[in-house]
There are 2 protein chains.
Amino acid sequence: MTEPTYDILGIGNAIVDVVARAEDSFLSRHDMHKGAMILIDAPTADSIYAAMPPGQESSGGSAANTCAVAAGLGAKVAYIGKVADDQLGAAFRHDIKAVGVHFPTAPLSGGAPTARCLILVTPDGQRTMNTFLGACVTLGEADVDPALVAASAVTYLEGYLFDPPEAQAAFRKAATAAHAAGRRVALSLSDAFCVNRHRAAFLDLVANHVDILFANETEITALYERNTFEEAAEAARKDIALAALTRSEAGSLIIQGTETVKIAAQPTKVVDTTGAGDAYAAGFLAGLTAGKPLAVCGQMGSIAASEIISHYGARPETDLRRLMPA
Amino acid sequence: MTEPTYDILGIGNAIVDVVARAEDSFLSRHDMHKGAMILIDAPTADSIYAAMPPGQESSGGSAANTCAVAAGLGAKVAYIGKVADDQLGAAFRHDIKAVGVHFPTAPLSGGAPTARCLILVTPDGQRTMNTFLGACVTLGEADVDPALVAASAVTYLEGYLFDPPEAQAAFRKAATAAHAAGRRVALSLSDAFCVNRHRAAFLDLVANHVDILFANETEITALYERNTFEEAAEAARKDIALAALTRSEAGSLIIQGTETVKIAAQPTKVVDTTGAGDAYAAGFLAGLTAGKPLAVCGQMGSIAASEIISHYGARPETDLRRLMPA
C-alpha cells in the first residue's frame with residue numbers, strides 16, 4: 001500500500017453558518033428544539049432569517065469544520081462538498097483553502113444557492129440549527145473521485161450527508177473506494193434527530209462499512225435504542241472496530257475491541273457549542289493518522305473541542321498546535 | 001418645528017466587513033499601513049482576499065455601525081446607503097433592519113456587487129482596512145429624500161462618503177435639507193488618510209455646513225495641519241459649534257464654545273478596535289438627542305466604544321442599555 005497523500009478526506013454538506021445570539025423565547029416562538037438541527041426549505045429559511053437578530057456569516061458544515069480544525073493541527077486534508085457559484089460559495093471556498101485544505105469539488109452553476117445554516121446561540125451556549133440545504137442536494141457520486149479517496153488514510157463522512165438523497169450514493173461510493181484501497185472509513189452520527197431519520201441505514205453502515213465511529217451520548221443511545229449510555233457503548237463495542245463517544249463535560253470514551261480509554265473533558269468557559277463534536281473528531285483523527293496512542297488522540301480531541309466552544313463560531317481562533325500535548 | 005420622527009439619520013457607504021486575524025508580517029508583505037483604510041479596486045480585492053486567512057462576514061460601514069449602536073441604545077434611527085441586490089447586500093439589509101433601523105435605499109441591480117471591507121486584525125487589536133467600494137459608488141443625490149432628512153433631528157455623515165464622487169452631492173443635498181428644516185448636521189472625519197485626500201472640502205464643510213464634528217486625534221491634527229492635539233482642538237473650537245474629539249485610552253474632549261468637558265476612557269481589554277469611533281459617535285448622539293448633558297453624552301460614547309473594542313466586530317454583542325448611566 002502506498003503512503004497516503006492526505007491524512008483525512010472529509011465529505012459533507014458545504015454550508016455557510018449565519019450565527020446570531022437569541023433568547024430562549026425566540027426558539028419557542030419559532031417551534032425550535034434547542035440543540036437540534038432541522039432541515040428547512042427556502043421559504044422557511046427566508047422567514048426565520050427575517051425574524052432573526054443580526055448575524056455573522058462564516059464557513060461551516062460539520063465535516064468541513066473537522067477538516068479546517070485538522071488542517072490547523074498540521075494534518076494533510078482534502079474536502080468534498082457542494083457550494084453554488086455565488087458570494088457565500090466563494091467565501092466557503094476561500095475559507096477552507098485558506099487553512100490549507102484541498103477542495104476540488106466544482107461549484108453548482110445556475111441552481112440553488114449555497115447552503116445556509118441559521119444558528120441561534122442561546123445564553124447557555126447551546127446552538128439550535130436550521131439548515132437550508134440549497135446546492136448541497138446536488139452533491140452526488142460524480143463528485144467522489146475514487147483516486148482521491150484511495151490517496152487518503154481516512155475518509156470521514158458526516159451523518160448529515162444522509163439527508164440529501166443523492167449524497168447517500170456518494171457516501172457508499174466513497175466507502176467502497178476507501179476499503180478497496182485498504183484505507184479506513186470514519187463516520188460521525190452528527191445529530192440524534194438525524195439518526196432517527198436514517199436509523200436503519202446507519203445501523204447497516206456502522207456494522208458493515210465503517211471503521212471509526214464518532215457519536216455523542218444522545219446519538220449513540222438513539223442509534224442502538226438503549227436507555228443508558230453504558231448499554232449503547234457496549235452495543236457499539238460489538239459492532240465497530242473503533243468508537244469515540246463524547247459526553248460533553250463528562251469527557252469521552254474510546255472503545256476498541258476489549259480496550260476502553262476514558263478521556264477527561266478540557267475545562268473551559270462555554271460560549272457557543274457549535275462545532276464541538278466536529279473539533280473533537282478533528283483532534284482525534286489528526287492524532288490517529290499521526291500514529292498517536294488512543295489516549296493522546298482523545299486528549300487532542302478534547303483540547304480542540306474546548307478551544308472551539310470558548311468563542312462564537314465553529315472554526316479555531318488560535319493556533320491549535322500550541323495547545324496540544326508534545 | 002415639528003417633533004422629529006428619527007433622532008439620527010446616518011448616511012454612509014454600505015459595506016460588508018470580512019474580518020480575519022493576521023500577523024504584522026501579513027500587513028508588511030501586502031504594503032498595508034497599519035490602522036488605516038485604503039480604497040482598492042476589484043482585482044486588488046480579489047488578490048488580497050485570496051491571500052487572507054479565513055474570514056467572518058458581518059455588516060459594517062462606519063455610519064451604519066453608528067446607526068446600529070444608536071438603535072441598540074434606544075434611539076430612533078434611519079440609514080441611507082447603497083448595497084447591491086446580492087447575497088451580501090441581503091445580509092446587510094437584514095442586519096440593519098433587525099436592530100430596528102429604517103433603511104429605505106433601493107439596492108443597485110445589475111451593477112457592481114455590494115461593497116466589501118477586508119479587515120486584518122493584528123494581535124495588538126488594531127484593524128487595517130482595505131475597501132472595495134462596489135455598489136457604494138452609485139449612491140447619489142437621488143437616494144437622499146429631503147423629507148426623511150427634515151424628519152431627523154441629526155443627519156450624521158461619515159467622511160468616507162467623500163471617496164465615491166457621487167456621494168459628495170448626496171452629502172451636500174442632505175446638509176442643505178437638514179438646515180432648511182432647522183435640524184443639525186454631524187460629520188465624522190473617519191480617517192486621517194481620508195482627511196488628507198479631501199482636506200479643502202472638509203475645511204469648507206466643517207466651517208460652513210456642519211454643527212457637530214467627531215474626530216480622533218490624528219484626524220483633527222490632519223484637518224487643521226497642527227503639530228499638537230491641543231492646537232488642533234483650539235482650531236476646532238473656533239470653527240465649529242460642537243466637537244467631540246477622541247483620544248483612545250486617553251478618553252475624549254468635548255468642546256462647545258467656551259465650554260470644555262473631559263471624558264475618561266472606559267477601561268476594557270482591547271480585542272479589535274474596528275468600529276470604536278463609530279460606537280462613540282452613536283453613544284454621544286443617542287445621549288444628545290435624548291437631551292442629556294454633554295458630560296453624559298461623552299460618557300455614553302465611551303461606554304459604547306468600550307463594548308465594541310472588547311470583541312471582534314463593529315456591532316454590539318450585549319444589550320448596551322444595561323451598561324449606560326441611569
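This passage describes the fold of chain A, one of its helices, and the contact between chains A and B in a predicted model.

The predictor assigns the complex an ipTM of 0.90 and a pTM of 0.93. For chain A the mean pLDDT is 95, and 100% of the residues reach 70 or more.

Chain A contains 12 helices and 13 strands. Its C-alpha trace spans about 50 × 40 × 40 Å along the principal axes. The radius of gyration of chain A is 18 Å, which agrees with the value near 20 Å that a compact globule of 326 residues would have. Of the 326 residues in chain A, 54% are buried. Contacts in chain A were also examined by sequence separation: among those between residues at least 6 apart, 76% join residues at least 24 apart.

Helix H11 of chain A covers residues 276-289. This helix has 14 residues, and the distance from its first C-alpha to its last is 20 Å, close to the 20 Å expected at 1.5 Å a residue. H11(A) is mostly covered, with 14 of its 14 residues buried. Gly291(A) follows H11(A) and has a positive phi, near 80°.

The two chains were then compared by superposition. A turn of 180° with a shift of 0.0 Å along the axis lays chain B on chain A with an RMSD of 0.0 Å. This is the relation of a two-fold axis. Both copies use the same surface, in that 100% of the contact residues of chain B recur in chain A. Among the residues of chain B, Glu57(B) comes closest to the rotation axis, its C-alpha lying at 2.4 Å.

The contact between the chains involves 19 residues from chain A and 19 residues from chain B. On the side of chain B that touches chain A, strand E4 (56-59) and helix H4 (87-98) of chain B each supply at least two residues. H4(B) provides the largest share of that side, six residues. Classified by residue type, the side of chain B that touches chain A comprises eight nonpolar, seven polar and four charged residues.

In summary, chain A has a radius of gyration that agrees with that of a compact globule of its number of residues, and chains A and B are related by a two-fold axis. The contact draws on 19 residues from each of chains A and B, with H4(B) giving the largest share on the side of chain B.

How values were computed
Residues are numbered from 1 along each chain as its sequence is written. Chains are lettered from A and ligands numbered from 1 in the order in which they are written. This is a predicted model: local features need pLDDT of at least 70, side-chain atom pairs count only at pLDDT 80 or more; totals for chains, interfaces and linings use all residues. Two residues are in contact if their C-beta atoms, placed from the backbone, lie within 7 Å. Helices (H or I, at least four residues) and strands (E, at least two) are DSSP runs, numbered from the N terminus. Ala, Val, Leu, Ile, Met, Phe, Trp, Tyr, Cys and Pro count as nonpolar, Asp, Glu, Lys and Arg as charged, and the others, Gly among them, as polar. The expected span of a helix is 1.5 Å times one less than its number of residues. A residue is buried if 20 or more other C-beta atoms lie within 10 Å of its own, exposed if 12 or fewer, and partly exposed in between; C-beta atoms are placed from the backbone. The radius of gyration is taken over C-alpha atoms; the globule rule is 2.2 Å times the number of residues to the power 0.38. pLDDT is the predictor's confidence in each residue, from 0 to 100. Copies are superposed by least squares on the C-alpha atoms of residues with pLDDT of at least 70 in both.
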